[in-house]
Amino acid sequence: RRRRGREMRLAIIAFVAGAVLLQRQAQLLDATSCWLLVAALTLGAALAWRYSRIATTALWLSAAAAAGFAWGNTLAEARLAQRLAPAWEGRDLIVTGRISDLPNADASAARFLLNVEQVAAADDAGPQPGSALPAVRRLALVWYAPRAGAGAADLGGNCCADLEERI
């Protein structure tokens with residue numbers, strides 16, 4: 001019973017170490033290959049249990065580390081998939097939505113969260129074929145003062161905003 005508790009703690013440490021190792025990588029790996037490695041190590045550990053306890057433990061710990069790495073890699077890929085299409089970078093968009101948090105204003109800018117209801121292109125020229133308008137639900141916006149000493153933009157207490165933003 002104590003041995004299993006120790007092995008479980010080691011597996012948790014190996015899982016966390018795999019996730020930490022991912023943070024040290026310069027780029028993400030293919031998620032499929034990460035999960036195939038986890039499956040191969042798990043299968044190897046299941047097959048090795050008859051022959052060597054040390055080899056089985058090493059394979060289980062390696063599988064746990066690979067699972068932590070693959071888990072973090074999969075979450076990171078999902079998050080990065082939400083980025084703006086290159087065709088929309090530097091373009092003006094008209095964003096309509098509701099301000100969802102109290103603005104934080106100082107002398108030079110106002111910062112606020114906007115729940116997006118609609119996005120439209122500000123110009124008539126459409127994007128390159130195959131790139132749809134950005135599908136965002138929430139934006140963190142900073143509205144800078146137009147000139148030094150003018151103060152931050154006044155939102156006027158409105159909960160709704162129709163803004164033209166360069167993304």
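Tutor: Welcome! Let's begin with a cut-off: a residue is buried under 20% relative accessible area, exposed over 50%, and partly exposed in between. Keep in mind that this is a predicted model.

Student: Thanks! Is Phe 15 buried, partly exposed or exposed?
Tutor: The relative accessible area of Phe 15 is 30%. Buried would need a value under 20%, and exposed a value over 50%. Phe 15 therefore counts as partly exposed.

Student: Which elements make up the chain, in order from the N terminus on?
Tutor: Happy to lay that out. The chain has 3 helices and 5 strands. From the N terminus on, the order of the elements is α-α-α-β-β-β-β-β.

Student: What share of the chain's residues counts as buried?
Tutor: The chain has 167 residues, and its accessible surface comes to about 11900 Å². Carbon and sulfur atoms hold 58% of that surface. As for the residues that count as buried, their share is 26%.

Student: Back to Phe 15. Which residue forms an aromatic pair with Phe 15?
Tutor: A search of the whole structure turns up 1 aromatic pair. Its ring centres are 5.7 Å apart and its planes meet at 45°. An angle under 30 degrees would count as stacked and one over 60 as edge-to-face, so this pair is tilted. The partner of Phe 15 is Trp 71.

Student: How many residues apart in sequence are the parts that this pair ties together?
Tutor: Phe 15 belongs to helix 1 (residues 2–23), while Trp 71 belongs to helix 3 (residues 53–80). Trp 71 is partly exposed, with a relative accessible area of 41%. The pair ties together parts whose separation in sequence is 56 residues.

Student: Let's stay with helix 1. Which residues make the nonpolar surface patch of about 370 Å²?
Tutor: One member, Val 16, lies in helix 1. Val 16 has a relative accessible area of 46% and is partly exposed; a patch takes residues with over 30%, so Val 16 passes that cut-off. The nonpolar patch of about 370 Å² is made by Met 8, Ile 12, Val 16 and Val 20.

Student: And helix 3: what span does it reach from its first C-alpha to its last?
Tutor: Helix 3 has 28 residues. The expected span is 1.5 Å times one less than the number of residues, which comes to 40 Å here. The model is close to that expectation, with a reach of 40 Å.

Student: What is the relative accessibility of Asn 73?
Tutor: Asn 73 is found in helix 3, and it is one of the buried residues there, together with others including Phe 69, Ala 70 and Gly 72. Leaving out residues up to four places away in sequence, Asn 73 touches Leu 22, Leu 28, Leu 29, Asp 30, Ala 31 and Cys 34. Its relative accessibility is 0%.

Student: Which residue meets Glu 7 in a salt bridge?
Tutor: A search of the whole structure finds 3 salt bridges. The one with Glu 7 has an N to O distance of 3.5 Å, and the cut-off is 4 Å, so the pair qualifies. It links distant parts of the chain, helix 1 and helix 3, 46 residues apart. The partner of Glu 7 is Arg 53.

Student: In which strand does Arg 98 lie?
Tutor: The side chain of Arg 98 meets that of Glu 117 in a salt bridge of 3.4 Å, N to O. Glu 117 lies in strand 3 (residues 109–121), 19 residues apart in sequence from its partner. Glu 117 is exposed at 54%, whereas Arg 98 is partly exposed at 40%. Arg 98 lies in strand 1.

Student: Which residue forms a salt bridge with Arg 111?
Tutor: Arg 111 is partly exposed at 36% relative accessibility. In this salt bridge, the closest N and O atoms are 3.5 Å apart. The partner is partly exposed too, with a relative accessible area of 40%. That partner is Asp 106.

Student: Last one: how far apart in space are Trp 49 and Leu 59, C-alpha to C-alpha?
Tutor: Trp 49 is found in the loop between helix 2 (31–48) and helix 3. At 58% relative accessibility, Trp 49 counts as exposed. Trp 49 and Leu 59 are 10 residues apart in sequence, and their C-alpha distance in space is 9.7 Å.

Notes
Residues are numbered from 1 along each chain as its sequence is written. This is a predicted model: local features need pLDDT of at least 70, side-chain atom pairs count only at pLDDT 80 or more; totals for chains, interfaces and linings use all residues. Side-chain values use heavy atoms; hydrogens and water are left out. Rings of Phe, Tyr and Trp (its six-membered ring) pair if their centres lie within 6.5 Å; planes under 30 degrees apart count as stacked, over 60 as edge-to-face and the rest as tilted. Helices (H or I, at least four residues) and strands (E, at least two) are DSSP runs, numbered from the N terminus. Buried means under 20% relative accessible area, exposed over 50%, partly exposed in between (1.4 Å probe, protein chains only). Accessible areas come from the Shrake-Rupley method with a 1.4 Å probe; for residues, only the protein chains shown count as cover. Patches are made of residues with over 30% relative accessible area and no salt bridge: like charges are joined within 9 Å, nonpolar side chains (Val, Leu, Ile, Met, Phe, Trp, Tyr) within 5 Å. Contact means heavy atoms within 4.5 Å.
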